[in-house]
Amino acid sequence: MEEINKTSKIQFFFRPFSTDPKIQMGIFVAFLVMYLTSLSGNTTVAVLVQINHSLHIPMYFFLANLAVLEIFYTSAIAPLALANLLSMGKTPVSIPGCGTQMFFFVFLGGADCVLLAVMAYDRFVAICYPLRYTCIMSWPLCVELIVGSLVLGFLLSLPLTILIFHLPFCNNNEIYHFYCDMPAVMRLACADTHIHETALYIISFIVLSIPLSLISISYVFIVAAILRIRSAEGRHRAFSTCSSHILVVLLQYGCTSFIYLSPSSSYSPEMGRMVSVVYTFITPILNPLIYSIRNKELKDALRKALRKF
């Protein structure tokens with residue numbers, strides 16, 4: 001009971017990127033610009049899909065939901081990270097606050113990974129079964145797939161967060177990160193974390209490998225179907241609808257696999273922090289850019305919206 005009381009009173013602090021206030025301010029400005037760019041880009045995609053009836057098809061429905069997920073995903077991290085940069089690492093976060101941030105980060109990140117697999121399935125049906133596409137990808141099914149992504153993210157996040165925050169935390173309260181990431185928080189526990197690290201690795205492997213396997217299988221069939229298309233224009237059009245998704249998948253799964261599937265013995269806090277910047281700030285910016293640049297319908301909808309202003 002005494003150990004629990006001690007743990008409940010602990011406040012965490014995030015290690016600054018630098019002890020130089022000028023460098024910290026420069027990083028703050030960079031993070032703020034990236035956060036605002038991510039918010040504006042993903043909001044634009046979500047609003048464009050909502051206001052354009054021509055985009056009311058499953059592919060753009062999933063894209064809009066991905067954009068909304070990215071908004072909440074980044075917002076779970078950015079405000080506290082920005083406050084910490086301004087205060088030179090002196091902004092405290094309580095155990096419940098850290099647990100809440102971790103829960104939403106894992107919940108939204110897990111849902112994001114599952115949704116990318118759903119989007120691959122949508123492209124598989126559209127290219128391999130074009131005549132049956134509207135029957136297979138019905139609106140009730142699309143809604144069920146979105147809800148399923150959120151439920152799976154929730155079921156992943158809750159037990160992991162509870163597992164980690166049942167650990168006792170003692171005197172070392174400086175997190176070598178800019179948010180409450182699971183590997184970084186576990187390193188502060190004053191108890192054996194071998195079981196927790198194993199559980200995190202197994203769950204991360206399942207969550208990343210199953211959707212990635214489904215994505216890979218979908219694209220094997222998609223590539224085979226594209227190669228059977230006789231016209232060069234048809235092949236180009238079919239490939240262009242998938243290339244954006246492939247780029248986003250590579251970014252998302254590449255970074256998360258590096259963090260959560262690397263052996264704990266080889267985990268580098270500094271490298272982990274650098275890679276985390278990519279998938280918490282940079283990837284949410286690139287997603288709307290990648291989809292907008294490589295998608296004619298989305299670019300046309302953006303031009304029409306801009307002409308109205």
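The predicted model holds 3 cavities of 30 Å³ or more. About 200 Å³ of space lies in the largest cavity. Its lining comprises 17 residues. Nearest the centre of the largest cavity are Val106, Gly109, Gly110, Leu156 and Tyr260. Four helices each supply at least two lining residues: H5, H7, H9 and helix H10 (232–260). Helix H5 gives the most to this lining, with 5 residues.

An open space was also examined. The second largest pocket has a volume of about 400 Å³. It is lined by 22 residues, and Val114, Ala117, Leu152, Pro211 and Leu214 are the closest to its centre. Helices H5, H7 (139–164) and H9 (194–227) each give at least two residues to the lining of this pocket.

One of the residues closest to the centre of the second largest pocket, Ala117, was followed further. Ala117 lies in helix H5. Its relative accessible area is 11%, so Ala117 counts as buried. Neighbours within four places in sequence aside, Ala117 is in contact with Pro211 and Ile215. Pro211 is itself among the residues closest to the pocket centre. The C-alpha atoms of Ala117 and Leu212 are 6.9 Å apart, although 95 residues separate the two in sequence.

Helix H5 also features in the packing of the model. The largest nonpolar core has 92 residues. Helix H5 (residues 95–128) gives the most to this core, with 20 residues. The residues with the most contacts inside the core are Phe12, Phe165, Phe169, Ile175, Val185 and Tyr279. The contacts of Ile175 were listed without residues up to four places away in sequence. On that basis Ile175 touches Phe12, Phe13, Phe14 and Arg15. Ile175 also touches Cys98, Cys180, Ala184, Val185 and Leu188. Of these partners, Phe12 and Val185 are also listed among the residues with the most contacts inside the core.

Two of the partners of Ile175, Cys98 and Cys180, are bonded to each other. Their sulfur atoms are 2.0 Å apart and form a disulfide. The count for the model comes to 1 disulfide. The torsion about the S-S bond is about -125°, so the disulfide is left-handed. Cys98 lies in helix H5, while Cys180 lies in the loop between strand E3 (174–175) and helix H8 (182–186), so the pair ties together parts that are 82 residues apart in sequence. Both Cys98 and Cys180 are buried.

Other cysteines were also examined. Cys135 is exposed, with a relative accessible area of 64%. The closest cysteine sulfur to that of Cys135 belongs to Cys142, 13 Å away, which is too far for a bond. Cys128 is partly exposed, at 23% relative accessible area.

The region around helix H4 was considered next. Asn84 is in helix H4. With a relative accessible area of 3%, Asn84 is buried. Apart from neighbours within four places in sequence, Asn84 is in contact with Phe14, Arg15, Gln24, Gly89, Lys90 and Thr91. Phe14 and Arg15 are also touched by Ile175. Met88 is found in the loop between helix H4 (78–86) and strand E2 (93–94). Met88 has a positive phi of about 60°, although it is not a glycine. At 24% relative accessibility, Met88 counts as partly exposed.

The secondary structure was also set against the database record. An unreviewed UniProt entry carries the annotation "transmembrane region" for residues 23–48, 60–82, 102–121, 141–167, 201–227, 239–262 and 274–293. Two of these stretches were examined in the model. Residues 60–82 are 91% helix and 0% strand. The end C-alpha atoms of residues 60–82 are 32 Å apart. Residues 141–167 are 89% helix and 0% strand. The end C-alpha atoms of residues 141–167 are 40 Å apart.

How values were computed: Residues numbered from 1 in each chain as written. Predicted model: local features only at pLDDT ≥ 70, side-chain atom pairs only at ≥ 80, totals over all residues. Heavy atoms only, no water. UniProt positions renumbered as here; feature names shortened; annotations may be inferred. Core = buried A, V, L, I, M, F, W, Y, C linked by side-chain atoms within 4.5 Å. Buried < 20%, exposed > 50% of the residue type's maximum accessible area, 1.4 Å probe, protein only. Contact = heavy atoms within 4.5 Å. Disulfide = S-S within 2.5 Å. 1 Å grid on protein atoms, 1.4 Å probe; cavity = no way out; pocket = protein on both sides within 12 Å on 5 of 7 lines; lining within 4 Å. Points joined across faces, edges and corners; volume = space filled by probe spheres on them.
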